[in-house]
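Colleague: I should like to learn how to read the features of a protein model. May we go through them one at a time?

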Amino acid sequence: MRKIILLLSVTAFMISCGSSKKGISTTTTRRPVPKRTTSKTTKKVEKETKVIIGETKTTTEEKKPVPVLPYKDRVRRYIHEFSGIAKKEMKTYGIPASITLAQGILESGAGHGELTQKAKNHFGIKCHDWKGDRVYHDDDRSQECFRKYNRASESFRDHSLFLKNRKRYSKLFTYKQKDYKSWARGLKAAGYATDKKYPQKLISIIERYRLYEFDNDVLGIKNSKIDTRQDHTAPVRTNVVVADGNHIVEKGDTLYSIARRYKISVPALKSINKLGDNTIKIGQVLKVALSKVVEEEEDFN
């Protein structure tokens, strides 16, 4: 009997040990659930989107249109820029600088014409026997062929050669170089332009802006200080500052008079224009607009 009871006790003990081992093995097999990171990723994407939007705003800002100068100021700037080339061509080929400048101003719209802007063609010279680059532009007829240049100086030189090397313009070179009126009429007679008023337009430009003075410079003729003629030969005087804060020097201007006009000192005027002395020339463009800081420092009395 004792043996039976002992056997049952051992059996019960072994069964209880087996069940406890099963419980332990179950708890150790659990794995931790990984944390979600979707919220951080979302925030990062939102930040990047904001940066991209910010960049887009800065690149789409509208630029303010550049102010257009009045015609007379464009002409004076043109004269200042190209009078030296015109005088050089006169010395080499005998064509009056006044005629060259007047034609350039008229044909190019004082350098702002479409043909001049896209082809640097200042004199409206068509292709003819031209072997260089060309552009097509509406003139007397639609999409006519015009010569194209890399630099304005090339256009001026080609203008000289165009007149010098063609027989139909040979009569021009029988006129005196100071006789710009005969040259203007001769260009029309030789067929340079179809406009019946072409000579009058050239003469008007020459006399309005005193372009004949450049002819006199080349010929060594002293220019008169006072012109009392009543045919509008005297230049139109303006006290208006050019749109970009500049002043174009006119006959009779001095550094002192310009400084007084725009209420700045002569040293400041020389400084902002990097002038070594008081010498200025007709047609020269001078900066006359000072910064606010400089204005506060200058004594104008």
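Modeller: We shall take the overall fold, the disulfide, the pockets, one helix and one loop residue in turn. Please keep in mind that this is a predicted model.

Colleague: How many helices and strands does the secondary structure of the protein chain come to?

Modeller: The protein chain has twelve helices and four strands. Of its 301 residues, 35% count as buried. Among contacts between residues at least 6 apart in sequence, 55% join residues at least 24 apart. The accessible surface comes to about 20600 Å², and carbon and sulfur atoms account for 55% of that area.

Colleague: Which residues does the disulfide join?

Modeller: In general, a disulfide is a covalent bond between the sulfur atoms of two cysteines. This structure holds one. The bond joins Cys-127 to Cys-145, with an S to S distance of 1.9 Å. Cys-127 lies in the loop between α5 (114-119) and β1 (134-137), while Cys-145 belongs to strand β2 (residues 144-147), so the pair ties together parts that are 18 residues apart in sequence.

Colleague: Is the disulfide left-handed or right-handed, and why?

Modeller: The disulfide is left-handed because the torsion about the S-S bond of Cys-127 and Cys-145 is about -65 degrees.

Colleague: Are Cys-127 and Cys-145 buried or exposed?

Modeller: The cut-off needed here is that buried means under 20% relative accessible area. Cys-127 has 5% relative accessibility and therefore counts as buried. Cys-145, at 17%, also counts as buried.

Colleague: Let us turn to the pockets. What volume does the largest pocket have, and which residues are the closest to its centre?

Modeller: The volume of the largest pocket is about 590 Å³. It is lined by 20 residues, of which Glu-213, Phe-214, Lys-281, Ile-282 and Gly-283 are the closest to the centre. Two elements, α3 (71-93) and α9 (212-219), give two or more residues to this lining. The largest share, six residues, comes from α3. By residue type, the lining divides into six nonpolar, six polar and eight charged residues.

Colleague: How is the second largest pocket lined?

Modeller: The second largest pocket has a volume of about 490 Å³. Among its 23 lining residues, the closest to the centre are Glu-107, Gly-124, Asp-139, Tyr-192 and Ala-193. The elements that contribute two or more residues are α4 (97-108) and α8 (198-208). This second lining comprises ten nonpolar, five polar and eight charged residues.

Colleague: Helix α9 was named in the lining of the largest pocket. Which of its residues are buried, and what covers them?

Modeller: The buried residues in α9 are Tyr-212, Glu-213, Phe-214, Asp-215 and Asn-216. Their cover includes α3, α4, α7 (180-189) and α8. Glu-213 and Phe-214 have thus appeared in two settings: they are buried in α9, and they are among the residues closest to the centre of the largest pocket. After α9 comes Gly-220, which has a positive phi, near 75 degrees.

Colleague: Finally, how should I read a single loop residue such as Ala-110?

Modeller: One may ask where the residue sits, how accessible it is and what it touches. Ala-110 is in the loop between α4 and α5. Its relative accessible area is 3%, so Ala-110 is buried. Leaving aside residues up to four places away in sequence, Ala-110 touches Tyr-71, Arg-74, Val-75, Tyr-78 and Ile-105. Sequence separation and spatial distance can also be read together. Ala-110 and Arg-77 are 33 residues apart in sequence, and their C-alpha to C-alpha distance is 8.4 Å.

Notes. Residues numbered from 1 in each chain as written. Predicted model: local features only at pLDDT ≥ 70, side-chain atom pairs only at ≥ 80, totals over all residues. Heavy atoms only, no water. Buried < 20%, exposed > 50% of the residue type's maximum accessible area, 1.4 Å probe, protein only. Contact = heavy atoms within 4.5 Å. Areas by Shrake-Rupley, 256 points an atom, 1.4 Å probe, with all protein chains shown as cover. Disulfide = S-S within 2.5 Å. 1 Å grid on protein atoms, 1.4 Å probe; cavity = no way out; pocket = protein on both sides within 12 Å on 5 of 7 lines; lining within 4 Å. Points joined across faces, edges and corners; volume = space filled by probe spheres on them. Nonpolar A, V, L, I, M, F, W, Y, C, P; charged D, E, K, R; others polar.
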